[in-house]
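Visitor: I would like a close look at one part of this model, the nonpolar core. Please start there, then work outward to the surface and the charged pairs.

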Amino acid sequence: MRKIIIVLDFRWSELSDLITEPEILENLKRLYGHPSNIDPWVGGLLEDPLDDSRVGPTITCLLSEQFKHLRDGDRLLLLIRLRKKL
């Protein structure tokens, strides 16, 4: 099972690997002061998208985890799987 790790202390230079648009980084610096202050949703949406994707690594991880939990917690889906095996 994949774990979500939240890094609370990182530098702007590390963030520039995920958000390569200089103007966006400058606006984030001006508005938030420190990378730890950036709202995760805002920061995730501003990340450069992954290959063949519309979102970056943070939102991809969050969405994949959420859908996995929805799938695994859906008893009707489990019943459908069990019926197909019979």
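Guide: Start with the core. The largest nonpolar core has 7 residues: F10, W12, L15, I19, L25, L28 and I38. Two elements give two or more residues to this core: α1, residues 12-15, and α2, residues 22-32. Look at L15 within this set. Leaving out residues up to four places away in sequence, L15 touches F10, L25 and I38. F10, L25 and I38 are themselves members of the core.

A word on confidence. This is a predicted model. The mean pLDDT of the protein is 85, and 87% of the residues score at least 70. Confidence is highest in α2, at 96. That helix is one of the elements giving two or more residues to the core. Confidence is lowest in helix α5, residues 75-85, at a mean of 71. Where pLDDT is low, the predicted coordinates should not be read in detail.

Next, a charged residue type in a covered place. E47 lies in the loop between α3, residues 40-46, and α4. Its relative accessibility is 8%, under the 20% cut-off, so E47 counts as buried. What is E47 in contact with, beyond its neighbours within four places in sequence? The partners are L18, I19, G56, P57, T58 and I59. One of these leads back to the start: I19 is a core residue. So the loop residue E47 is in contact with a member of the core.

Now the surface of α4. L63, F67 and L70 make a nonpolar surface patch of about 320 Å². Take L70 from this patch. L70 sits in helix α4, which covers residues 57-72. Its relative accessible area is 48%; that lies between the 20% and 50% limits, so L70 is partly exposed.

Then the charged pairs. Side chains of opposite charge can pair when their charged atoms come close. The structure holds 3 salt bridges.

Take α2 for one of them. The side chains of E26 and K29 meet in a salt bridge, at 3.6 Å from N to O. Both residues lie in helix α2, 3 residues apart, about one turn of the helix. E26 is partly exposed, with a relative accessible area of 48%. K29 is partly exposed too, at 33%.

Helix α4 holds another pair. The side chains of D72 and K68 meet in a salt bridge, at 3.4 Å from N to O. D72 and K68 both lie in α4, 4 residues apart, about one turn of the helix. D72 has a relative accessibility of 45% and counts as partly exposed. K68, with a relative accessible area of 27%, is partly exposed.

D72 has a further partner. R71 forms a salt bridge with D72, and the closest N and O atoms are 2.9 Å apart. R71 is partly exposed, at a relative accessible area of 39%. K68, R71 and D72 are thus linked in a network of salt bridges.

Put the pieces together. Helix α2 gives two or more residues to the core and also holds the pair E26 and K29. Helix α4 holds L70 of the nonpolar patch and the pair D72 and K68.

Notes:
Residues are numbered from 1 along each chain as its sequence is written. This is a predicted model: local features need pLDDT of at least 70, side-chain atom pairs count only at pLDDT 80 or more; totals for chains, interfaces and linings use all residues. Side-chain values use heavy atoms; hydrogens and water are left out. A nonpolar core is a set of buried Ala, Val, Leu, Ile, Met, Phe, Trp, Tyr and Cys residues joined through side-chain atoms within 4.5 Å. Buried means under 20% relative accessible area, exposed over 50%, partly exposed in between (1.4 Å probe, protein chains only). Contact means heavy atoms within 4.5 Å. Patches are made of residues with over 30% relative accessible area and no salt bridge: like charges are joined within 9 Å, nonpolar side chains (Val, Leu, Ile, Met, Phe, Trp, Tyr) within 5 Å. Accessible areas come from the Shrake-Rupley method with a 1.4 Å probe; for residues, only the protein chains shown count as cover. A salt bridge is a side-chain nitrogen of Lys or Arg within 4 Å of a carboxyl oxygen of Asp or Glu. pLDDT is the predictor's confidence in each residue, from 0 to 100.
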